[in-house]
Amino acid sequence: MPRKDARHEILQAVNRVLARHGLNALTIDKVAAEAGMSKGGVIHYFATKQELVLANLVSYHDRFFERRQAYMATLPDTPDRLARATIHTMMATWKTESDAAWYRIDMLEDPLYREQIGKTKQRIFHDVLKNATDPGKVMTTMFFMDGLWLNNIYRPSPAPSKSVEQSYHHLFDMIESLWVQYR
């Protein structure tokens, strides 16, 4: 398997292991088994669990910025274009990768992961707010999205109950209806 493909498959395996077992239960052995590789094959690319998790986190953030850039390319060139693309991408990421949220609270306990998460959040807020015509509305919308993320993290299991999921969808609808007024 080419190097890029192997790294990608390992990071996908990390996602699946994290989603099922959480950060504390993640091991190189579990990732290797999930990726269909030997432990040595995983270690060839990522020497430690911390390297695996950090690479996974960076990959998650990179996907966010790639999606935001792709969506931004579809929008008219206005001062709020980046804010609109960011909110859209936050919502789309939440909907497509909501299982990635619940184990991230463990990451906040580790200074290295917390620093990476903080850098990404600072970048997002700094980029968006420097050109927003209504920074308050942008911040409020982004805080709603962060609130969903935090609520998802603190829920007792990785699979929300039907009523919680319905509440998420209702909140999404509400945020989208408020956000459409901003556009």
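Reader: Which helices each supply at least two residues of the lining of the second largest pocket?
Author: This is a predicted model. Its second largest pocket has a volume of about 250 Å³. Ten residues line that pocket, and the closest to its centre are R7, H8, L11, A55 and S59. The helices that each give at least two lining residues are α1 (3-21) and α4 (49-72).

Reader: How many residues of that lining are charged?
Author: The lining of the second largest pocket divides into three classes. Three residues are nonpolar and three are polar. The charged residues number four.

Reader: Which helix gives the largest share of the largest nonpolar core?
Author: The largest nonpolar core has 23 residues, and I10, V31, L52 and M107 have the most contacts inside it. At least two residues come from each of α1, α2 (28-35), α3 (39-45), α4 and α7 (111-129). The largest share is seven residues, and it comes from α1.

Reader: Which residues does L52 contact, leaving aside its neighbours within four places in sequence?
Author: L52 is one of the residues with the most contacts inside the largest nonpolar core. With those neighbours set aside, its partners are I10, L11, V14, I28, V31, V42 and F46.

Reader: How many residues are in the other core, apart from this one?
Author: That core lies apart from the largest one. Its members include F65, A85, I87 and A132. Its residue count is 16.

Reader: Is the aromatic pair of F64 and F65 stacked or edge-to-face?
Author: The structure holds one aromatic pair. Both F64 and F65 are buried. Their rings lie 5.4 Å apart, centre to centre. The planes are 80° apart, and over 60 degrees counts as edge-to-face, so the pair is edge-to-face.

Key:
Residues are numbered from 1 along each chain as its sequence is written. This is a predicted model: local features need pLDDT of at least 70, side-chain atom pairs count only at pLDDT 80 or more; totals for chains, interfaces and linings use all residues. Side-chain values use heavy atoms; hydrogens and water are left out. On a 1 Å grid over the protein atoms alone, a cavity is a set of points where a 1.4 Å probe fits but cannot get out, and a pocket is an open set with protein on both sides within 12 Å along at least five of seven lines; lining residues have an atom within 4 Å of a point. Grid points are joined across faces, edges and corners, and a volume is the space filled by probe spheres set on the points. Helices (H or I, at least four residues) and strands (E, at least two) are DSSP runs, numbered from the N terminus. Ala, Val, Leu, Ile, Met, Phe, Trp, Tyr, Cys and Pro count as nonpolar, Asp, Glu, Lys and Arg as charged, and the others, Gly among them, as polar. A nonpolar core is a set of buried Ala, Val, Leu, Ile, Met, Phe, Trp, Tyr and Cys residues joined through side-chain atoms within 4.5 Å. Buried means under 20% relative accessible area, exposed over 50%, partly exposed in between (1.4 Å probe, protein chains only). Contact means heavy atoms within 4.5 Å. Rings of Phe, Tyr and Trp (its six-membered ring) pair if their centres lie within 6.5 Å; planes under 30 degrees apart count as stacked, over 60 as edge-to-face and the rest as tilted.
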